[in-house]
Structures are given as C-alpha cells and as structure tokens.
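This briefing walks through one structure topic by topic, and it is best read with the sequence and the 3D view side by side. Please follow each residue in the view as it is named.

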Amino acid sequence: MILPELGSAIPGGRVLEITTTTGCIVGCSYCPQDKFAHRQRRVSHVKHLRLEDFKRCLARVPTSVDISFAGYSEPWLNPDCTEMVEHAYARGHGIRIFTTLVGMKGRDLHRLQALRSRVFVVHVLDDGAYMNSRLVGDKYLALIRQVVDIASIRFIVLGEIHPDIAGIIPAEALVRARPLSSRGGSVDPKVVEARQPVVGALTCVDGRQYRNVLLPNGDVTLCCMDFERRHVLGNLLRDEYADLFEKPVFSQIVDRMNGTDGFLLCRMCEYAHPKASAC
Ligand code: SF4
Ligand code: SF4
C-alpha cells in the first residue's frame, strides 16, 4: 500500500510494515509494485507471508514497535491477514491498517471492528484514472457501506473518487490527494517524475529509517520507498529486531545519510531534506 504517509501524523516511534504478499492485482499506475514483485521473485519463491513465519518474525519484535498492515501490496490479498492483525494486537502492538478492501470479506471487517487500531485508512478506488475501476462491484460497495461505521476510520482517494462510492462516504472523512511520490524514482516517470537527487548530508523528515518493511520471506527493507529492495537490513526469521540496526547495511545507510559517498535511496526520495551545514 502506498499510503502510510498518513500514518506520519500518528505520534510514536518505530513501525514495522508488513508486506503480506508478492504482487498486487489492484495495479495502481502510481505504484511500482511490479518492480517489487520482479525483484522479490528473484530472491524468493514465497508468494504469501505464511502465518507461522509472521508469528516467528513478530516474536523477535518489541511490542513498542507498531505493526502496520501496508507494505508493498494490498495486505488482504493474503487470506491470513486478519489473523495476523489479531495476533499482533493480542501481543500488545499498536496496529495500523491501510487497505483498499480488495481481498477483504465482510467477516474480516467484523473481526477488525472488534479491535482498536491506532490507524485505519481505506484507500478507495478512483474513477479509473489510476486504478482498475472494474474492482468496484456489489461486494466492494457492500464493504464500503460496512466500513463507514467503524469509528475514526479515514478514507483517501488519489485523484477523483469512483462515482458509485462518492455518495456512501461522508465528505468530512475523505481526504483527496494526488500521486506525489516517485517512490525514490521507482514510479513510471510519466505518472510521477523523479526528483532532483539530494547531494550531501540529508535527513528523512519522518525518521522513516525506523519504519521498515517485512517481506514475505522474512527479509526487512529500509522503508516504504524501497520497492526495489535497494537496502535489505536483514531477515527476521534469523535476526533479532535490534540486530537489524547493528549490521553493516544499516550503519552504511546512516553514514551515507551523513554525507558519505555511495548509493542511497534517500537521495531520490521526496521525504529527504538536505541537512543544514554546521557553519
Ligand atoms: S493497492 Fe497499494 S500496493 Fe497495490 S498497486 Fe495500489 S498502491 Fe500499490
Ligand atoms: S528519506 Fe530515506 S528513509 Fe526516509 S522515506 Fe525516503 S528513502 Fe525512506
């Protein structure tokens, strides 16, 4: 999911985003998930994150880390997603949910309604400009009607909302935005042009180097921009969470953020700001 930007407004520190599956049938044109799927399949044949592997990975993560169901695909394309949410919630993690509802069933929504998530954002389908509007059918509309009853839920549309949905969602709960992030230059430049690279030392405005992404094979990438697996910090099926930040890969990222030469995804990222020099 490409919207955890909205989670920036939520106070708190570290977040682990969960990519529950490789490949996303929603196929938004402002999302480079095909590049992610291509890169991921070259290193692993695990398509869906297995529930048992999710539990093994989570056992290594302190409960102070929020778990965000977002990542590089629609989370509910994995049929075990609701059970993963419940498991993380039962362990005491703060829960963040970002979904298009594609793949979700009414009974999933009932189960999610029973727990208090810190963030619940629905990325609603647009009028077909960037998304496949054929996904808007009777079942999808029934889910939208059900989801509006969840307290504190928010909706976002990138572009114009699909006309069949417009009348269901209360205007005050809907955020309208435009696709603005090139995902570190991974998005088709015809949709979002890449930025000019940042030179020298930089900072991430949201400290997203601590909002990492778990992949279906247990690998952990730097952040929600790293669809092309440019910085793999480690693997939670074998590494402790704290070790991810002690390994050479993360130290190198920190050095490069401080101005050392070498490839750094952040240089192409809209969330990177040049660091003011000391003199
Ligand atoms: S639903 Fe999310 S992950 Fe899937 S294509 Fe759209 S933005 Fe990308
Ligand atoms: S600046 Fe770096 S850490 Fe921050 S979101 Fe961009 S790529 Fe990720």
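Val 175 counts as partly exposed, because its relative accessibility is 34%, a value in between the limits of under 20% for buried and over 50% for exposed. The model in which this value was computed is a predicted one. Val 175 belongs to strand β6, which covers residues 174-177, and the points below begin with its surroundings before turning to other parts of the chain.

**Around Val 175 and Val 124**

- Leaving aside residues up to four places away in sequence, Val 175 touches Phe 155, Ile 156 and Val 157.
- Although Val 175 and Phe 155 are 20 residues apart along the chain, their C-alpha atoms are separated by 6.1 Å.
- Phe 155, Ile 156 and Val 157 also appear among the contacts of Val 124, and that list, which leaves out neighbours within four places in sequence, further includes Met 131, Tyr 140, Ile 144, Ile 161, Ile 169 and Leu 174.

**The largest nonpolar core**

- In soluble globular proteins, nonpolar side chains tend to be buried together.
- In this model the largest nonpolar core has 86 residues, and Phe 69 and Val 124 are the ones with the most contacts inside it.
- Helix α5, which spans residues 138-147, supplies the largest share of this core, namely five residues.

**Strands β1, β2, β3 and β8**

- In a regular strand the side chains alternate between the two faces of the sheet.
- Strand β1, made of residues 15-18, is covered on both faces, with Val 15 and Glu 17 buried on one side and Leu 16 and Ile 18 buried on the other.
- Strand β2 can be read in a similar way, with Asp 66 and Ser 68 pointing one way and Ile 67 and Phe 69 the other way, and all of them are buried.
- β1 pairs with β2 (residues 66-69) in the parallel sense over four bridges, and across this pairing Glu 17 stands opposite Ser 68, while Ile 18 stands opposite Phe 69.
- β1 also pairs with strand β8 (residues 211-214) in the parallel sense over four bridges, where Val 213 is the bridge partner of Glu 17.
- β2 in turn pairs with β3 in the parallel sense over three bridges, and in β3 the bridge partner of Phe 69 is Ile 97.

**Two helices with a buried face**

- Helix α1 (residues 33-43) has Gln 33, Phe 36, Ala 37 and Gln 40 as its buried residues.
- Seen down the axis of α1, these buried residues fall within an arc of 95 degrees, so they line one face of the helix, whereas Asp 34 and Arg 42 are exposed on the other side.
- In helix α4 (residues 106-113), the buried residues are Asp 108, Leu 109 and Leu 112.
- The buried residues of α4 also lie within an arc of 95 degrees when the helix is seen down its axis, and they therefore line one face of it.
- Arg 107 and His 110 are exposed on the other side of α4, and what covers its buried residues includes α3 (81-91), β3 (95-99), β4 (119-123) and α5.

**Two residues with a positive phi**

- Most residues other than glycine have a negative phi.
- Leu 101 is not a glycine, yet it has a positive phi of about 80 degrees; its place is in the loop between β3 and α4, and it counts as buried because its relative accessibility is 1%.
- Arg 229, which is not a glycine either, has a positive phi of about 55 degrees and lies in the loop between β9 (219-221) and β10 (232-235).
- Arg 229 counts as buried at 15% relative accessibility, because the limit for that word is under 20%.

**The shell around ligand 2**

- The residues around ligand 2 are Cys 204, Arg 208, Gln 209, Cys 223, Met 225, Cys 266, Cys 269, Tyr 271 and Ala 272.
- By class, this shell around ligand 2 divides into seven nonpolar residues, one polar residue and one charged residue.

Conventions
Residues numbered from 1 in each chain as written. Chains lettered and ligands numbered in written order. Predicted model: local features only at pLDDT ≥ 70, side-chain atom pairs only at ≥ 80, totals over all residues. Heavy atoms only, no water. Near = heavy atom within 4 Å. Nonpolar A, V, L, I, M, F, W, Y, C, P; charged D, E, K, R; others polar. Core = buried A, V, L, I, M, F, W, Y, C linked by side-chain atoms within 4.5 Å. Buried < 20%, exposed > 50% of the residue type's maximum accessible area, 1.4 Å probe, protein only. Contact = heavy atoms within 4.5 Å. Arc of directions from axis to C-beta. Pairing = 2+ DSSP bridges.
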